[in-house]
Amino acid sequence: MTENAPAPQPAASASRTVLVLAEDALAPADVQHIVGMHPDDDLRYEVLVPADSERNFAVELIDHLSVGELKQAWHDLRRDVPSKPQAEKTAEQQVADTEALFAAAGRDASGVVTADDPLPTVRERAARGDVLELVVVTYPHAVEDTFHRDWASRAREELDDLPVLHLYAGTSEIG
């Protein structure tokens, strides 16, 4: 009597990933918007948050004044530029907070802290081949958005085959 050979197992489906590039910890509404784009898909989410240790005071001032945020403009002008270790610690907390929100939404998420310019990390991560799309979540930036120097515009230029969506943090507005 011979035993039957086990039936071949179907190949595991390749895990697909949505990259999420954020300049701050996401809000619950941001996570719901992102997850809601693919409600029935089994996706992984990889969060990238830059350790922002560089500041351009003129650009920040214009950004705040363009949307009428006089108090925030004054506050930002008075604060110090964070040291690299401070910026990394802040970004690590933002990643952890965002991972927790994805977990609360029932989604698998991991995250990393990137350099001030996150595009090299985005390029490297997208080159692995499992990335479905890039979702960039930022606050409105009048200068960068107007002149298409924001992260989403730069990513669109550099990553021809990857869909890029730009959302404004805490809103349902598309940038």
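## Arg-125 and helix α5

Arg-125 is in contact with Thr-17, Leu-19, Glu-46, Asp-130 and Val-131, leaving aside its neighbours within four places in sequence. In this predicted model, the residue belongs to helix α5, which spans residues 119-126. Because its relative accessible area is 5%, under the 20% limit, Arg-125 is classed as buried.

The helix that carries Arg-125 lies across β1, β2, β3 and β4. The direction of α5 is at about 175° to that of β1.

## The sheet

The strands form an open sheet of five, in the order β3-β2-β1-β4-β5, and their pairing is parallel. Its edges are β3 (108-114) and β5 (164-168), each of which pairs on one side only. From one strand to the next, the twist averages 20°.

Helix α1 packs on this sheet and touches β1, β2, β4 and β5. The direction of α1 makes about 155° with that of β4.

## Strand pairings

Strand β1 is mostly covered, with six of its seven residues buried. On one side, β1 is joined to β2 by six bridges, the two strands running parallel; here Val-20 stands opposite Val-47 in β2. The chain passes from β1 through α1 to β2, and this β-α-β crossover is right-handed. Strand β1 also pairs with β4, in the parallel sense and over six bridges. In that pairing, Leu-21 has Val-136 of β4 as its bridge partner.

Towards one edge of the sheet, β2 and β3 run parallel and are joined by seven bridges. Tyr-45 stands opposite Ala-109 in β3. Towards the other edge, β4 and β5 pair in the parallel sense over five bridges, and Val-136 stands opposite His-166 in β5. Although β5 is an edge strand, four of its five residues are buried, so β5 is largely enclosed by the rest of the structure.

## Nonpolar cores

The largest nonpolar core comprises 21 residues. Those with the most contacts inside this core are Val-20, Leu-26, Ile-34, Tyr-45, Phe-102 and Val-137. Two or more residues come from each of β1 (16-22), α1 (28-36), β2 (43-50), α4 (84-104) and β4 (131-138). Apart from this core lies another, of 15 residues, among them Leu-19, Leu-48, Val-131 and Trp-151.

The surroundings of Phe-102 give a local view of the largest core. With neighbours within four places in sequence left aside, Phe-102 is in contact with Val-20, Leu-26, Val-31, Ile-34, Val-35, Tyr-45, Val-47, Arg-107 and Ala-109. Of these contacts, Val-20 and Val-47 stand opposite each other in the pairing of β1 with β2, and Tyr-45 and Ala-109 likewise stand opposite each other.

## Gln-94 in helix α4

Which side chain forms a polar contact with that of Gln-94? The partner is Asp-24, and the contact is 2.9 Å. Gln-94 lies in helix α4 and counts as buried because its relative accessibility is 12%, below the 20% limit. Not counting residues up to four places away in sequence, Gln-94 touches Glu-23, Asp-24, Ala-25 and Val-49.

## Helix α7

Helix α7 covers residues 151-158, and Trp-151, Ala-152, Ser-153, Arg-154 and Ala-155 are buried within it. Its buried residues pack against β1, β2, α5, β4 and β5. One of them, Trp-151, is also part of the core of 15 residues. The N-terminal end of α7 is capped by Asp-150, which has a side-chain oxygen 3.2 Å from the backbone nitrogen of Ala-152.

Is Arg-156, another residue of α7, buried or partly exposed? At 38% relative accessibility, Arg-156 counts as partly exposed. Leaving aside neighbours within four places in sequence, Arg-156 is in contact with Val-164, Leu-165 and His-166. Arg-156 and Leu-134 are 22 residues apart in sequence, and their C-alpha atoms are 9.5 Å apart in space.

Methods
Residues are numbered from 1 along each chain as its sequence is written. This is a predicted model: local features need pLDDT of at least 70, side-chain atom pairs count only at pLDDT 80 or more; totals for chains, interfaces and linings use all residues. Side-chain values use heavy atoms; hydrogens and water are left out. A nonpolar core is a set of buried Ala, Val, Leu, Ile, Met, Phe, Trp, Tyr and Cys residues joined through side-chain atoms within 4.5 Å. Buried means under 20% relative accessible area, exposed over 50%, partly exposed in between (1.4 Å probe, protein chains only). Contact means heavy atoms within 4.5 Å. Two strands pair if DSSP finds at least two bridges between them. Axes are lines fitted to C-alpha atoms, for helices over the stretch in contact, and angles run from 0 to 180 degrees between N-to-C directions. A polar contact is a pair of N or O atoms within 3.5 Å; within protein, one must be able to donate a hydrogen and the other to accept it, and residues adjacent in sequence count only if both atoms are side-chain atoms. A crossover is right-handed if, with the strands pointing away from the viewer, the path from the first strand over the helix to the second runs clockwise.
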